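Dear colleague,

Please find the structure below, handed over for your study. My notes on what was found in it follow directly after.

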Amino acid sequence: MVQKKQFDKAKFKKSVEENVRVLFRKTLKEADEQQLFQAVCYTVKDSIIENWMATQQAYEKEDPKTVYYLSMEFLMGRALGNNLINLCEYQEVREALDEMGLNIDTIEDQEPDPALGNGGLGRLAACFLDSLATGGYSAYGCGIRYRYGMFKQQIRDGYQIEAPDDWLRDGYPFELRRREYKKEIKFGGFVRVETDSNGRNHFIQDGYQSVMAVPYDMPVTGYGNGVVNTLRIWDAEPVDSFQLDSFDKGDYHKAVEQENLARNIVEVLYPNDNHYAGKELRLKQQYFFISASVQEAVAKYMRKHDDIRKFAEKNVFQLNDTHPTVAIPELMRILMDEYELTWDEAWSVTTKTCAYTNHTIMSEALEKWPIELFSRLLPRIYQIVEEINRRFCLRITEKYPNNQEKMRNMAIIYDGQVRMAYLAICAGFSVNGVAQLHTDILKKRELKDFFEMMPEKFNNKTNGITQRRFLLHANPLLAQWVTDHVGPDWITDLKKINGIKVYADDKKAQSEFLNIKFQNKQRLAKYILDHNGIEVDPRSIFDVQAKRLHEYKRQLLNILHVMYLYNKIKEHPEMDFYPRTFIFGAKASAGYRNAKLIIKLINNVGAVINNDASIKGKIKVVFIEDYKVSNAELLFAAADVSEQISTASREASGTGNMKFMLNGALTVGTLDGANVEMADEAGHDNMFIFGLTADEVIEYERNGGYNPMDIFNNDQDIRTVLTQLINGTYSKNNPELFRDLYNSLLNTQCTDKADAYFILKDFRAYAAVQEKVEKVYRDQALWAKKAIINIASSGKFSSDRTIEEYVRDIWHLQSVDVKSKASNDSGRMLDD
């Protein structure tokens, strides 16, 4: 780590004032909060640019191997606070702003969350970029500059409404437009073949439409080491500018046709693909950013090297799930069609360059494209995929003669579909899961045939999170408490946090922890009052489930249990019940009907319970609108209970579970995903584990033996709760509103089978463990002890550890020592 340079407070303050004057023609007193935010960001950006240039110069000199992390999502969160922390200047800037009469918290709140991601996939990518920069590794994140993200969630009358997330409305001060690296991306048309005098075939795409991919670079600062890596997000622009001749002739549509083609590609993340046009747009998006990223990676390599056959020695592509899998045929296309390598030469380079991370156990989520769509939109790419498939099928036949089942289970092209995960496994030199249980299930079930054929490719890399954002920034009170007890080394080596374990039984430490938690709960309670208009008691148990909404994550189990508790309190008002605030945060995919219906149910249940004075505030239900990184940080810091209750065998890993653990929440969870490893680290006694195991779920799915109607018939409490879904208790004006949720639990009208996610099967175990939660919470010393042990046991779950494992086992990178100041002999502009 380099020596921290002296912060020049006077220079900082002068720069902020100058930026307000130059950018907005105002004085400090005249500027509004957004303008002040912009001015502060541009001042901070000046420091970052200096380190950014120094980093690129160091990479230029050392020529290290570079990882390109290819991902449809990067859920970065707000940049200002994170950059100040990693520059080790947060406190100094806070003091400087205080002296100027400005509040850093107010200024940070002016920053929109960049709408470049949605869930755990994108947040993992962001954590990885932070850890790569902190480790001093040469890395690019590559994605799309979505103009409106997935959507901005609004709750109206309990329903989720999708609105554009216009995060770029005021401009984004930390991005740089890099038009000098623009790339042309081609769609459609046909492929013609020309044969040269040497008998070599040349494949030429004609009759295509194209757009220009223009990169915008965002800095990714490493902690305290002067390193600034790059998140490169691609915007789409028309190849030809505005067609004035068409406009003058009155053909206004044609005048802007090219611009509309480009804009559509980058408007939103995950456009609804319930229709053909949506599927086509998703495939266009994937090829758009992958082609641009691969083209530039190759061009960058060739600016310094002369042998493309050695490309894999200096570059590695990590495919974050199946979305970037077209990188494989695109690299093949460039190597063969532009650099004239033979098939075998190109395949050798490609299969040494590409590695694949699987993020799902659910086979239906493994991406597939109809041949008709794929071949029409990407004709040359499809030819290459066809040839990859032909050769791979020969390998399958050679190893498993006359085995049609193997062919059906492994062929890349089958039943009229291109199966992207299978392409990634075939061509990737590494295939990793993201938690040990997940990887084991892939080997034994979902990808069993591939594991049998090529076991050397498979490995596990349990996910992690960056403690710098999710403790140091999100929970400064607890972060300072940890530092006071074990020193600051945990900031870059989270294993050091284990040192606080010796304080788990210390009464003073317990009291200090509980006081910090209470202050964080007060902060969240204020947010809820300001945003929801609901008054919650910070002395109640804050029980939080915050994650993407999917039926397998079982938010439905949670809210059914809330209904069950409400029924008990109504029946027995005298019962001793510790007050509890149930907090939900989740977005549902726009086309996912049942998920959106669960959001409506949560809000309707909340409307009934929160307005029932007879229960005297014993239960409150809150739904946090527009769940994102910035409000998630408040939830992680304030939560007492972390709900990680997915159906066992369904969650690949989860990372929210780790963020709650790091902040001292106790987990109520199934033995699923990374929960298993968390329990191993903290001890099962310090978590609240319940429900079916993964093996039990798989056994039921394979052999049957579970009928939810048996539970419905024999359990009066459960029958009452389910009946309330359809008798108007929570929807007076439309008793049938939640019929689809009722049907999903009891019959096959809505799903392939009744209660596919074993909600009723696990209900009683869930209710029992929640009673245990209340009992333990009443013993505050015991609760604090368990919470401190959880924090102390979170060291394994740093993304720094995960990245080091990727570096060691897959990427084989070398850390580069970057000086904090650009060398005097440079004088060059920011390199690529």
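Lys65 is located in the loop that joins helix 2 (33–62) to strand 1 (66–70); helices (H or I, at least four residues) and strands (E, at least two) are DSSP runs, numbered from the N terminus. The model is a predicted one, in which local features need pLDDT of at least 70 and side-chain atom pairs count only at pLDDT 80 or more, while totals for chains, interfaces and linings use all residues. Residues are numbered from 1 along each chain as its sequence is written, and side-chain values use heavy atoms, with hydrogens and water left out.

**The surroundings of Lys65**

Is Lys65 buried or exposed? Lys65 is buried and yet has no salt bridge. Here buried means under 20% relative accessible area, exposed means over 50%, and partly exposed lies in between (1.4 Å probe, protein chains only). A salt bridge is a side-chain nitrogen of Lys or Arg within 4 Å of a carboxyl oxygen of Asp or Glu. The nearest side chain of opposite charge to Lys65 is that of Glu313, 9.2 Å away; Lys and Arg count as positive and Asp and Glu as negative, whereas His and the chain ends are not counted.

A polar atom of the Lys65 side chain does lie 3.0 Å from the backbone oxygen of Trp811. This is a polar contact, that is, a pair of N or O atoms within 3.5 Å; within protein, one must be able to donate a hydrogen and the other to accept it, and residues adjacent in sequence count only if both atoms are side-chain atoms. If neighbours within four places in sequence are set aside, the residues in contact with Lys65 include Ser138, Glu313, Trp811 and His812, where contact means heavy atoms within 4.5 Å.

**The largest nonpolar core**

Trp811 appears again in the largest nonpolar core, which has 277 residues. A nonpolar core is a set of buried Ala, Val, Leu, Ile, Met, Phe, Trp, Tyr and Cys residues joined through side-chain atoms within 4.5 Å. Phe288, Phe374, Ile619 and Trp811 touch the most other members of this core. Helix 2 gives the most to the core, with 11 residues. As for Ile619, its contacts beyond four places in sequence include Val562, Leu565, Phe577 and Phe582.

**Helix 28**

Helix 28 covers residues 694–703, and Ala694, Val697 and Ile698 are buried in it. These three cover an arc of only 95° around the axis, which puts them on the same side of helix 28; the arc is that of the directions from the helix axis to the C-beta atoms. An α-helix has 3.6 residues a turn, so residues three or four places apart point the same way. The buried residues of helix 28 pack against helix 18 (436–446). On the face turned away from that buried side, helix 28 carries the exposed residues Asp695 and Asn703. After helix 28 comes Gly704, with a positive phi near 75°.

**Salt bridges**

How many salt bridges are there? The count comes to 69. Side chains of opposite charge can pair when their charged atoms come close.

Arg303 and Glu296 form one such bridge, at 2.7 Å from N to O. Arg303 is partly exposed at 47% relative accessible area, whereas Glu296 is buried at 3%.

In another bridge, Asp640 pairs with Lys521, and their closest N and O atoms are 2.6 Å apart. Asp640 lies in the loop between helix 25 (629–638) and strand 21 (641–644) and Lys521 in helix 22 (residues 507–532), so the pair ties together parts that are 119 residues apart in sequence. Both Asp640 and Lys521 are buried. In addition, Lys9, Lys13, Glu95 and Glu99 are linked in a network of salt bridges.

**Positive phi outside glycine**

Asp157, a residue other than glycine, has a positive phi near 50°. Asp157 is in the loop between strand 3 (152–156) and strand 4 (159–163) and is exposed, at 65% relative accessibility. Arg554 likewise has a positive phi, near 65°. The place of Arg554 is the loop between strand 18 (541–546) and helix 23 (555–571), and Arg554 is buried, with a relative accessible area of 0%.

Yours sincerely
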